[in-house]
Amino acid sequence: MMICVVPGIAIALFQVRRLPALPKFDLPNFQAMVAPKASPAPSPVIETKLVVDLSDRKVRLFEKKKLKATYPIAIGQEGWETPIGSFKVSQMVENPTWQHPITGEHIPAGDQDNPLGKRWIGFTSQGKLLIGFHGTKDYSLLGQAVSHGCLRMRNADVVALYQAVKVGTPVEVKK
């Protein structure tokens, strides 16, 4: 038996019983796995929008319809093209871990071989594959079509972008 006392609430008595074990289940094979560390509360952002232009391989940050920043990106390679359309930021993770979309290999946050860099800003998915902005350590690939659909950025750029957006920020991807 357990006694629980909470200020301002009557004393509650609980009978603790052993419950049967829950069944095991497999998680989807996501490209970016959420690290256990929670994201800090996003900064308030008013009328922010991201516009990705695949033709010039840049992402533009607009605030109140004014261009605030432009960043070079790498885009999805042939067969793994970055999806075109209107989306919203749906996931933000600091120091993300990564799971290879083909082999399933996990690479933890902070590992030198982790291709996600310092931030993950997810905005859509294609089946089990998550698509978003993330950092990279290989800046020579920026401007090229080399990813599995994601938009790679310099780590400093994706950190700045991460601070400027929040979940729900519109993302427009066009050719």
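Begin by selecting F87, F123 and F133, which ring pairs link into a cluster; bear in mind throughout that the model on your screen is a predicted one. Within the structure as a whole, the count of aromatic pairs comes to two.

Keep F87 and F123 in view for the opening stop, where the two rings form a tilted aromatic pair, with 5.4 Å from centre to centre and 50° between the planes. If you colour the strands, you will find F87 in strand β8, which covers residues 85-88, and F123 in strand β12, which covers residues 119-126, so this pair ties together parts that are 36 residues apart in sequence. F87, at 18% relative accessibility, counts as buried because the cut-off for that class is under 20%. F123 counts as buried too, with a relative accessibility of 4%.

Now hold F123 and add F133, whose ring centre is 5.4 Å from that of F123; the planes of these two rings meet at 45°, so this pair is tilted. Here the connection runs from strand β12, where F123 lies, to strand β13 (residues 129-136), where F133 lies, so the parts tied together are 10 residues apart in sequence. With F133 selected on its own, you are looking at a residue that counts as buried, at 0% relative accessibility.

For the last stop, leave the phenylalanine rings and select R119 together with Y162. R119 lies over the face of the Y162 ring, at 5.3 Å from the ring centre, and turning the view until you look down onto the face of Y162 should help you follow this arrangement.

Conventions: Residues are numbered from 1 along each chain as its sequence is written. This is a predicted model: local features need pLDDT of at least 70, side-chain atom pairs count only at pLDDT 80 or more; totals for chains, interfaces and linings use all residues. Side-chain values use heavy atoms; hydrogens and water are left out. Rings of Phe, Tyr and Trp (its six-membered ring) pair if their centres lie within 6.5 Å; planes under 30 degrees apart count as stacked, over 60 as edge-to-face and the rest as tilted. Helices (H or I, at least four residues) and strands (E, at least two) are DSSP runs, numbered from the N terminus. Buried means under 20% relative accessible area, exposed over 50%, partly exposed in between (1.4 Å probe, protein chains only). A charge sits over a ring if NZ of Lys or CZ of Arg is within 6 Å of the ring centre and within 35 degrees of the ring normal.
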